[in-house]
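Student: I should like a close look at a single part of this model. Please take one salt bridge and describe its setting in connected form.

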Amino acid sequence: MAKNKKNTEEQMSFLDEFNWKQGHGGKRTGAGRKPLGIKTKVMRVPEPLVASFEQQIEEYKRSIVMES
């Protein structure tokens, strides 16, 4: 066994001793972005067409806001 490798069977955490859970990490209810109701798709766009697509997307977003 390597010098720096610790034997995990012999180690006991402070959290284990008191049966505590760590307060970070894992899933949290209500976390993350809220769904917009519109499905999206990731695409690769040739660079010369990026500006055109961005303009169309902005126009689409404006039309959705106008409808609401």
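Tutor: What follows treats the salt bridge first and then its surroundings. The model is a predicted one, and its protein chain has two helices and zero strands. By the rule applied here, the count of salt bridges comes to one. The partners are K61 and E58, whose side chains meet at 3.9 Å, N to O. This pair qualifies because the rule asks for a side-chain nitrogen of Lys or Arg within 4 Å of a carboxyl oxygen of Asp or Glu. In general terms, side chains of opposite charge can pair when their charged atoms come close.

The positions of the two residues along the chain help to explain the contact. Both belong to helix α2, which covers residues 50–67, and they stand three residues apart, so about one helical turn separates K61 from E58. As for solvent, K61 is partly exposed, at 45% relative accessibility, and E58 is also partly exposed, at 38%. For the protein chain as a whole, buried residues make up 0% of the 68 residues. The chain exposes about 7900 Å², of which carbon and sulfur atoms supply 54%.

K61 also has a place in the largest pocket, which holds about 580 Å³ of space. Among the 16 residues lining this pocket, T40, K41, I57, Y60 and K61 are the closest to its centre. The lining divides into ten nonpolar, two polar and four charged residues.

I57, one of those central lining residues, leads on to a further surface feature. Together with M43, V45, L49 and F53, I57 forms a nonpolar patch on the surface, with about 450 Å² of accessible area in total. Within that patch, L49 lies in the loop between α1 (14–17) and α2, and L49 is partly exposed, with a relative accessible area of 40%.

Terms used:
Residues numbered from 1 in each chain as written. Predicted model: local features only at pLDDT ≥ 70, side-chain atom pairs only at ≥ 80, totals over all residues. Heavy atoms only, no water. 1 Å grid on protein atoms, 1.4 Å probe; cavity = no way out; pocket = protein on both sides within 12 Å on 5 of 7 lines; lining within 4 Å. Points joined across faces, edges and corners; volume = space filled by probe spheres on them. Nonpolar A, V, L, I, M, F, W, Y, C, P; charged D, E, K, R; others polar. Helix = DSSP H or I, 4+ residues; strand = E, 2+ residues; numbered from the N terminus. Buried < 20%, exposed > 50% of the residue type's maximum accessible area, 1.4 Å probe, protein only. Areas by Shrake-Rupley, 256 points an atom, 1.4 Å probe, with all protein chains shown as cover. Patch = residues over 30% accessible without salt bridge, like charges linked within 9 Å, V, L, I, M, F, W, Y side chains within 5 Å.
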